[in-house]
Amino acid sequence: MNAASSRRTHIPTTTHRKITSMCQHQPPCPTADSADREAALLVAHHPEQGWSLLCNGVLLFEDTGELLPNGQIIAPHRPLGTDQVVRAA
């Protein structure tokens, strides 16, 4: 065994991450899997970069898109009011 091979370590690869909740509130905030996940409290807020981190691990973007802790992407879902609808001429 040479010096280079003795320094190698085996790092197991996996596609699943253990997701731990950051929420320490009572009652606890909605989980990332809940329909009301956006109601969780803010942990970090960076409006200059356009994102916020909720205590359930959800990254919430200013365009209303979301990135869930399991990697699932939620497309932006900002509703358009009738004053924002543009008609073609």
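This passage describes the fold, the strand pairing, the interior and the surface of a single protein chain.

The structure is a predicted model, and the description below rests on values computed from its coordinates. The chain contains 1 helix and 5 strands, and these elements succeed one another along the sequence in the pattern α-β-β-β-β-β. Of the 89 residues in the chain, 19% are buried. Among the contacts with a separation of 6 or more, 23% are made by residues that lie 24 or more positions apart. The chain exposes about 7400 Å², and 57% of this area is supplied by carbon and sulfur atoms.

The strands are assembled into an open sheet of 5 strands, in the order β1-β2-β3-β4-β5 and with antiparallel pairing. Strands β1 and β5 stand at the edges of this sheet, each with a single partner strand, so that one side of each is left without a neighbour in the sheet. In general, the strands of a sheet pair through backbone hydrogen bonds, in either a parallel or an antiparallel arrangement.

The pairing can be followed strand by strand, beginning with β1. Strands β1 and β2 run antiparallel and are joined by 4 bridges; within this pairing, His-45 has Ser-52 of β2 as its bridge partner, and Ala-44 stands opposite Leu-53 of β2. The two strands form a hairpin with 4 residues between them, and Gly-50, in the turn, has a positive phi of about 85°. On the next side, β2 pairs with strand β3, which spans residues 59-61, in the antiparallel sense over 3 bridges, and Trp-51 has Phe-61 of β3 as its bridge partner. A hairpin is formed here as well, with 4 residues between β2 and β3 and with Gly-57 in the turn showing a positive phi of about 90°. Strand β3 in turn pairs with strand β4 (residues 66-67), again in the antiparallel sense, over 2 bridges, and Leu-59 stands opposite Leu-67 of β4. The loop between β3 and β4 contains Thr-64, and this residue has a positive phi of about 75° although it is not a glycine. Most residues other than glycine have a negative phi.

Strand β2, comprising residues 51-54, presents two faces: Ser-52 and Leu-54 form the covered one, whereas Trp-51 and Leu-53 form the uncovered one. Such a division follows the general rule that in a regular strand the side chains alternate between the two faces of the sheet. Leu-54, on the covered face, is also part of the largest nonpolar core, which has 9 residues, namely Cys-23, Cys-29, Ala-32, Ala-40, Leu-54, Cys-55, Val-58, Leu-68 and Ile-74. When residues up to four places away in sequence are not counted, Leu-54 touches Met-22, Arg-37, Glu-38, Ala-40, Leu-41, Leu-42 and Val-43.

Arg-37, one of the residues touched by Leu-54, also takes part in a salt bridge. The chain has 1 salt bridge by the criterion applied, in which the side chains of Arg-37 and Glu-66 meet at 2.7 Å, N to O. This pair links distant parts of the chain, with Arg-37 in the loop between α1 and β1 and Glu-66 in strand β4, 29 residues apart. Both Arg-37 and Glu-66 are buried. As a general matter, side chains of opposite charge can pair when their charged atoms come close.

The loop between α1 (residues 3-7) and β1 (residues 42-46) also holds Gln-24. With a relative accessibility of 65%, Gln-24 counts as exposed, since the threshold for that class is over 50%. The C-alpha atom of Gln-24 is separated by 8.4 Å from that of Cys-55, although the two residues are 31 positions apart along the chain. Cys-55 is a member of the nonpolar core described above.

On the surface, a nonpolar patch is formed by Phe-61, Leu-67 and Ile-73, which together have about 270 Å² of accessible area. Two of these residues were met above in the strand pairing, Phe-61 as the bridge partner of Trp-51 and Leu-67 as the residue opposite Leu-59. Ile-73 belongs to strand β5, which covers residues 73-74, and is exposed, with a relative accessible area of 66%. Strand β5 is one of the two edge strands of the sheet, and Ile-74 is included in the largest nonpolar core.

Definitions and conventions
Residues numbered from 1 in each chain as written. Predicted model: local features only at pLDDT ≥ 70, side-chain atom pairs only at ≥ 80, totals over all residues. Heavy atoms only, no water. Patch = residues over 30% accessible without salt bridge, like charges linked within 9 Å, V, L, I, M, F, W, Y side chains within 5 Å. Areas by Shrake-Rupley, 256 points an atom, 1.4 Å probe, with all protein chains shown as cover. Salt bridge = Lys/Arg side-chain N within 4 Å of Asp/Glu carboxyl O. Buried < 20%, exposed > 50% of the residue type's maximum accessible area, 1.4 Å probe, protein only. Contact = heavy atoms within 4.5 Å. Core = buried A, V, L, I, M, F, W, Y, C linked by side-chain atoms within 4.5 Å. Pairing = 2+ DSSP bridges.
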